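Student: I would like a close look at a single part of this protein. Please pick the part that tells me about the open space in the fold, and follow it outward from there.

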Amino acid sequence: MTTPPSLPRLVLCELADSGIPGLESVSPFCLKAHRALKYLGLPYERRHGMPGSFKKHFSTGQVPVLLVGDHEAVGDSTDILARLESLAGRPLLDSPDARLKGEALVWEEYADTSLAGFLIAARWADTHNWPILRDNILASLPQPLRGLIGGRIRKNVITALVARDVWRAGPDACWRRFQQQLDALEARAPEEGFWLGAFSAADLGLFAQLHSLRQPLTPWQRDQVSARSRLSRYVDRVDAATRGA
């Protein structure tokens with residue numbers, strides 16, 4: 001594929017800036033879209049808002065949403081990555097091996113579901129971390145409203161985590177499984193280069209969740225990731241490759 005001679009205007013609809021250096025968004029899925037845009041060298045604009053404010057563009061009311069020109073909106077971070085590949089005129093994974101491409105999608109899905117569940121639990125269900133997240137994402141609200149509105153949202157999120165079997169057995173079981181997953185990822189992480197050798201959607205998916213976990217919003221989980229040195233070095237390499245100029 002060749003790079004198109006001209007590109008339509010690209011606008012990434014997302015949550016407010018995280019205010020944390022090196023973390024473009026509190027949403028790992030928005031972060032994944034940011035890093036894909038930068039890795040592929042595609043210029044884009046940012047449009048901040050609550051997820052519901054972008055429902056006119058994409059019916060799910062979720063972020064990110066990528067606006068392509070004046071008449072196209074792409075939702076879901078996996079679909080956004082595929083659209084960005086076509087816009088850039090090159091794939092994220094430069095390999096003819098269909099098995100490798102299939103494995104990249106499997107790892108991306110694992111990150112988007114399993115790791116994402118632990119990230120949500122770390123931010124919303126962990127009683128130590130919840131006040132940090134609340135004051136970050138609801139900073140524009142007065143303190144009393146912050147607690148009231150945040151508490152209602154948190155209750156709904158925890159109910160969803162129980163339904164997803166992430167939090168059903170409680171915090172001890174959740175964080176035991178989390179550590180087991182990190183141990184498995186530590187054993188699998190490449191000593192050099194990227195997850196499948198060549199850069200792929202697997203790297204963007206894994207990076208978005210793991211890098212989000214190692215932030216001040218989730219101190220205990222951050223330390224758990226940092227304790228896995230091989231995995232941490234891998235995340236650092238993806239960070240460096242996707243940070244942009």
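Tutor: Start with helix H3, because H3 gives the largest pocket the largest share of its lining, seven residues. Keep in mind that this is a predicted model.

Take the pocket before the helix. The largest pocket holds about 1300 Å³ of space. Its lining is made up of 38 residues. Leu15, Ser27, Pro51, Val63 and Trp124 are the ones that lie nearest the centre of the pocket. Several elements share the work. Strand S2 (17-20), helix H1 (28-39), helix H2 (77-88), H3, helix H4 (130-137) and helix H5 (143-163) each supply at least two residues of the lining.

Now the helix itself. H3 covers residues 98-125. Check its length against its residue count. At 1.5 Å a residue, the 28 residues of H3 should span 40 Å. The end C-alpha atoms are 39 Å apart, so the expected and modelled spans agree. H3 also has a kink of about 40°, centred on Ala116. At the start of H3, look at Asp97. A side-chain oxygen of Asp97 comes to within 2.9 Å of the backbone nitrogen of Arg99.

Two residues show how the surroundings vary along H3. Glu108 sits in this helix. Its relative accessible area is 3%, and the cut-off for buried is under 20%, so Glu108 is buried. Beyond its sequence neighbours up to four places away, Glu108 touches Lys32, Thr78, Leu81, Ala201, Ala202 and Gly205. Thr113 is also in H3. With a relative accessible area of 36%, Thr113 falls between the 20% and 50% limits and is therefore partly exposed. Thr113 and Leu210 are 97 residues apart in sequence. In space, their C-alpha atoms are 13 Å apart.

Those contacts lead on to helix H7, which runs over residues 201-213. At 1.5 Å a residue, the 13 residues of H7 should span 18 Å. The end C-alpha atoms of H7 are 19 Å apart, which agrees. Burial is the main point here. In H7, 13 of the 13 residues are buried, so this helix is largely enclosed by the rest of the structure.

Step back to the loop between H6 and H7, where Leu196 lies. Leu196 has a relative accessible area of 13%, so by the limit of under 20% it is buried. Leu196 and Leu100 are 96 residues apart along the chain, yet their C-alpha atoms are separated by 7.5 Å. Leaving out residues up to four places away in sequence, Leu196 touches Leu100, Glu103, Ala104, Trp107, Arg188 and Ala202. Ala202 is also one of the residues that Glu108 touches.

Next, helix H5. At 1.5 Å a residue, its 21 residues should span 30 Å, and its end C-alpha atoms are 30 Å apart, which agrees. Arg146, Gly150, Arg154, Val157 and Leu161 are buried in H5. What covers the buried residues of H5 includes H3 and H4. That brings us back to the helix we began with. After H5 comes Asp165, with a positive phi near 70°. Asp165 is in the loop between H5 and helix H6 (171-188). At 45% relative accessibility, Asp165 counts as partly exposed.

A positive phi appears at another aspartate too. Asp76 has a phi of about 75°, although it is not a glycine. Its place is the loop between strand S6 (72-75) and H2. At 42% relative accessibility, Asp76 counts as partly exposed.

Finally, return to Val63, one of the residues that lie nearest the centre of the pocket. The peptide bond from Val63 to Pro64 is cis, with omega near 5°. Pro64 is found in the loop between strand S4 (45-48) and strand S5 (65-68). Val11, in strand S1 (residues 10-14), is in contact with Val65, Leu66 and Leu67, among others beyond four places in sequence. Those others include Glu45 and Arg47. At 4% relative accessibility, Val11 counts as buried. Val11 and Arg46 are 35 residues apart in sequence and 5.6 Å apart in space, C-alpha to C-alpha.

Note on methods:
Residues are numbered from 1 along each chain as its sequence is written. This is a predicted model: local features need pLDDT of at least 70, side-chain atom pairs count only at pLDDT 80 or more; totals for chains, interfaces and linings use all residues. Side-chain values use heavy atoms; hydrogens and water are left out. Helices (H or I, at least four residues) and strands (E, at least two) are DSSP runs, numbered from the N terminus. Buried means under 20% relative accessible area, exposed over 50%, partly exposed in between (1.4 Å probe, protein chains only). Contact means heavy atoms within 4.5 Å. The expected span of a helix is 1.5 Å times one less than its number of residues. The bend at a residue is the angle between axes fitted to the seven residues ending there and the seven starting there. A polar contact is a pair of N or O atoms within 3.5 Å; within protein, one must be able to donate a hydrogen and the other to accept it, and residues adjacent in sequence count only if both atoms are side-chain atoms. On a 1 Å grid over the protein atoms alone, a cavity is a set of points where a 1.4 Å probe fits but cannot get out, and a pocket is an open set with protein on both sides within 12 Å along at least five of seven lines; lining residues have an atom within 4 Å of a point. Grid points are joined across faces, edges and corners, and a volume is the space filled by probe spheres set on the points.
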